[in-house]
Amino acid sequence: MLLVPESVKSAINLIISKNTLSSTYLFHGGLGSFSTKAAMYFGFCLFCNQQNFQGNCQACSNCKKIESEHFPDMITLPNSGTLKIDNIRTLQDRIKYGPSNSSKLLVIIPNCERFTTESSNAILKTLEEPPKNVIFILTTHSWKSVPLTIQSRSQTFFIPKTPIKNIKSYIEDKYNFNFNSYPLTYSLLNYLIQHKGVCPDSYKSFFSFSKLSSHERILYASSISKDKLFLKPLLYSWLEEIQNETPPNLSVSNHIISTIKSLNYNVNSQLQLENLFINHL
Ligand SMILES: [Zn+2]
């Protein structure tokens, strides 16, 4: 939970420990803030069996189920693509009877500026008359793009930027990686997070990538292929890792370099990545 600033954690802990819950929250902050991570933190505090309001205790059954995305009373909508009317109808069907095993049901809607007019009207109806014991957290980096009607139904909650040193520690812990050996990678990642809002979860070091199965590599290619601003810095950071090895693997380096070059043209980047990930790395 390094990505959630302490001030946000304290505010969330207070809301949950005092049981002063609203039915709808709008978590918003600029690029470099992790409002969906803050919403996850809220979920852990709400459902953790230990009730110590410290986020994921990593020990109780509820926290483990939330971590593996198998907790029935916490629903997170996909974080990319348009939020269409069908997405909202499916959600409405799922939540109409309230929580199944817990006292609350939490619905997280990341990047909620993605509603269409139709889906925004549909969700608004639900927010106006929410099913009993259902809590919504909508998150956004673009507060002004959220319809005023939704803003006015929500308790707004500002999420400040996460300090870069916390993001660095988060990635180092997650991937067992030490940025001190990779200064170029660190500065590229710093730039991406501060200016493009790249979430560290979309970053993988080459070392951690190389442990993925073929199926996981295909999924990774699919998840990052649309984000060209992210792809090239990612591949450059892998080059840095490979060139730090002794001896560096020149064949792998050359395949990465030719993929970086091909991304400059209007190519199908997903196919390019799949070819690189499966056949050459
Ligand atoms: Zn727990």
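Domain bounds come from an automatic or database domain assignment. The model discussed here is predicted.

Me: Into which domains is the chain divided, and how far apart do their C-alpha centres lie?
Reply: The chain is split into domain 1, residues 6-158, and domain 2, residues 164-280. Taking the C-alpha centres of domain 1 and domain 2, the separation is 30 Å.

Me: Where does the largest nonpolar core lie with respect to domain 1 and domain 2?
Reply: The largest nonpolar core has 57 residues, and A38 and I137 have the most contacts inside it. Domain 1 (6-158) and domain 2 (164-280) both contribute residues to this core, so its place is between them.

Me: Which helix gives the most residues to the largest nonpolar core?
Reply: A38 and I137 are the residues with the most contacts inside that core of 57 residues. Nine of the core residues come from one helix, spanning residues 35-47, and this is the top contribution: helix α2.

Me: With which residues is A38 in contact, leaving aside its neighbours within four places in sequence?
Reply: A38 is one of the two residues with the most contacts inside the largest nonpolar core. Contact here requires C-beta atoms within 7 Å. With neighbours within four places in sequence left out, the partners of A38 are V4, V8, F27 and I159.

Me: In what order do the five strands of the open sheet stand?
Reply: Strand β1 (residues 24-28) is joined to β4 by five bridges, and the two run parallel. On β3 (residues 105-109), five bridges likewise give a parallel pairing with β4, while three bridges connect β2 to β3, also parallel. The five-stranded order is β2-β3-β4-β1-β5.

Me: Why is one side of β2 and of β5 left without a neighbour in the sheet?
Reply: The sheet is open, with its strands in the order β2-β3-β4-β1-β5. β2 (74-76) and β5 (155-158) stand at its edges, so the reason is that each has a single partner strand.

Me: By what angle are neighbouring strands of the open sheet turned against each other on average?
Reply: The five strands of the open sheet pair in the parallel sense. With direction ignored, the average turn between neighbouring strands of this sheet is 20°.

Me: How many residues of β4 are buried?
Reply: β4 covers residues 134-140. V134, F136, L138 and T140 point one way, I135, I137 and T139 point the other way, and both sets are buried. The count of buried residues is seven of seven.

Me: Which residues of β3 point the other way from L105, V107 and I109?
Reply: β3 is mostly covered, with five of its five residues buried. L105, V107 and I109 point to one side and are buried, and the buried residues on the other side are L106 and I108.

Me: Which residue of β4 is the bridge partner of I109?
Reply: In the pairing of β4 with β1, T24 stands opposite F136 and L26 stands opposite L138. In the pairing with β3, I108 stands opposite I137. The bridge partner of I109 in β4 is L138.

Me: Which helix makes a β-α-β unit with β3 and β4?
Reply: β2 and β3 make a right-handed β-α-β unit with helix α4, residues 85-95. Between β3 and β4 the unit is also right-handed, and its helix, residues 117-128, is α5.

Me: Is N19 buried or exposed?
Reply: N19 sits in the loop between α1 (6-17) and β1, and its phi is near 55°, a positive value in a residue other than glycine. A residue counts as exposed at 12 or fewer C-beta neighbours within 10 Å. N19 has 6 such neighbours inside 10 Å, so the class is exposed.

Me: What is the phi of Q58?
Reply: Q58 lies in the loop between α2 and α3 (61-67). With 10 C-beta neighbours inside 10 Å, Q58 counts as exposed. Q58 is not a glycine, yet its phi is positive, at about 65°.

Me: Which residue is joined to P247 by a cis peptide bond?
Reply: P247 is placed in the loop between α11 (228-244) and α12 (250-263). The omega of the cis bond is about -10°, and the residue joined to P247 is T246.

Methods:
Residues numbered from 1 in each chain as written. Predicted model: local features only at pLDDT ≥ 70, side-chain atom pairs only at ≥ 80, totals over all residues. Core = buried A, V, L, I, M, F, W, Y, C linked by C-beta atoms within 7 Å. Buried ≥ 20, exposed ≤ 12 C-beta atoms within 10 Å, placed from the backbone. Helix = DSSP H or I, 4+ residues; strand = E, 2+ residues; numbered from the N terminus. Contact = placed C-beta atoms within 7 Å. Pairing = 2+ DSSP bridges. Right-handed = clockwise from strand over helix to strand, strands pointing away. Axes fitted to C-alpha atoms, helices over the stretch in contact; angles between N-to-C directions.
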